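Colleague: I am new to this one. Could you walk me through it?

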Amino acid sequence: MKRKLSLIEGTMYAGGKTAVNVVSSVTVKGTIKESDLHAALLKIQNRHPLLSANVWEDEARIPYFVKQNPIQKISVRIVNRQASNDWEKESITECLAPFDTSGGTLLRLVWIKSAEVSDLIFVAHHCICDGRSILNLIDETLTLLGQPEKELGTYESFASIQNFIPTEIKDNKANKLKVRLFSKVAKVVLLLVAFKKEIKREKPFFMHWRLSKDESLLIAEKCKSKGASVHDALSVAFLRGFKDIETFKSNSRLYCAVDMRKFLPDVKNDMLFAFPAMVGLDLPKKKTTDFWSQAKAFKDELSKKIEEMNVNTVLLYSECLLPSLPRMTQYAKADKGTHDFTLSNMGKVSIKERYNDLEVESLQSPSTIFPFGNPSTLFTTYFKGQIDFIFTSDEYFIQHIDAQTLKENAMLMMLN
């Protein structure tokens, strides 16, 4: 294996020294044997090529995935379980702990262990893994713990993001000209902002909460009756909440992470992949300020933007920016952006409630504490009839006390 990271993968790589990790944990009732866990991880590593890869940089600092030699085992750190919220402290630690991208595996586990209950924390470098990917790794691990004899098979990793672009699109003369012009403009813009200094992260924080089954059902039914989705209601509730914070200068704008798999049929849901499309949307305000009318308008605008998205154009333009990746990484760490937060809503997950003798008590949403200019991100999942939330940010961007108020106000808007 030797392939260039795509633009999004390269951005998440962030130069290799900074922690940009996806973390998710699951609480399991039942006995887990250490030998079974290591055997499961070995099968998972054999299945996913990127779990046996490191990152190598060429002279221009462009990163490539290369196969490890020799291949390193996925590490498991064992911690004695003292309380039900131990996973939260360990998750924060793992969010902020960098990987050895040039020598170690890009996935590790923390096993918070007791006789009857375990928390398994999965930690992956974001350059190989998005939220859906890490949930799939959890499902595969639990499947193998419940069925140690099961085989997962393997698949080949794609050789280049260019492979997904039809030849007639790549070779089109007009497209080639547009890409060259875009690349030149981007280089000039990045040179103009090169003087910006990296925003230092001093007080990153992590907030977790989970709605009850009754509250989750109430929100789902209310959204359905109003012609909106939970995603739309969350977007509007938090945008309105940001706008109400007196100490925060709101842009009334968010970015929605859209899973690119729906546009790339060759990339299956059970493959490691880290290439989301980011769709920017503003708080609807033209015709009404009614909450549910805004949620419906948000739904219509998001659907329109997704329908208009041309995946070939996205891939073409992202590929031409690869030579500027080091400057883009520098810029990403220095610019606060023009949005309030990013929403990563994974909806109903594929994790089962039982894996033979193991019972899944709870799932904590995949999350990241981003080191970029605007780190505020809301992560959500739906499991066992409950909506789970994790909000991460840094006090440089929004004070923790204001984030607590934001959360409370947003939940009230959706529940009332």
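Here are a few questions with their answers, from the whole chain down to one helix.

Modeller: Happy to help! This is a predicted model, where local features need pLDDT of at least 70 and side-chain atom pairs count only at pLDDT 80 or more, while totals for chains, interfaces and linings use all residues. Residues are numbered from 1 along each chain as its sequence is written, and side-chain values use heavy atoms, leaving out hydrogens and water.

Colleague: What is the radius of gyration of the protein?

Modeller: The radius is taken over C-alpha atoms, and the globule rule is 2.2 Å times the number of residues to the power 0.38. For 416 residues that rule gives 22 Å, and the protein comes close to it, so it is as compact as a globular protein of that length, with a radius of gyration of 21 Å.

Colleague: What percentage of the residues is buried?

Modeller: Buried means under 20% relative accessible area, with a 1.4 Å probe and protein chains only. Of the 416 residues, the buried share is 53%.

Colleague: How many residues of helix 8 are buried?

Modeller: Helices are DSSP runs of H or I with at least four residues, numbered from the N terminus. Helix 8 covers residues 230–243, and its buried residues include H231, D232 and F242. The helix is mostly covered, and of its 14 residues the buried number is eleven.

Colleague: How far apart are the end C-alpha atoms of helix 8?

Modeller: The expected span is 1.5 Å times one less than the number of residues. For the 14 residues of helix 8 that should be 20 Å, which agrees with the model, where the end C-alpha atoms are apart by 20 Å.

Key
Buried means under 20% relative accessible area, exposed over 50%, partly exposed in between (1.4 Å probe, protein chains only). Helices (H or I, at least four residues) and strands (E, at least two) are DSSP runs, numbered from the N terminus.
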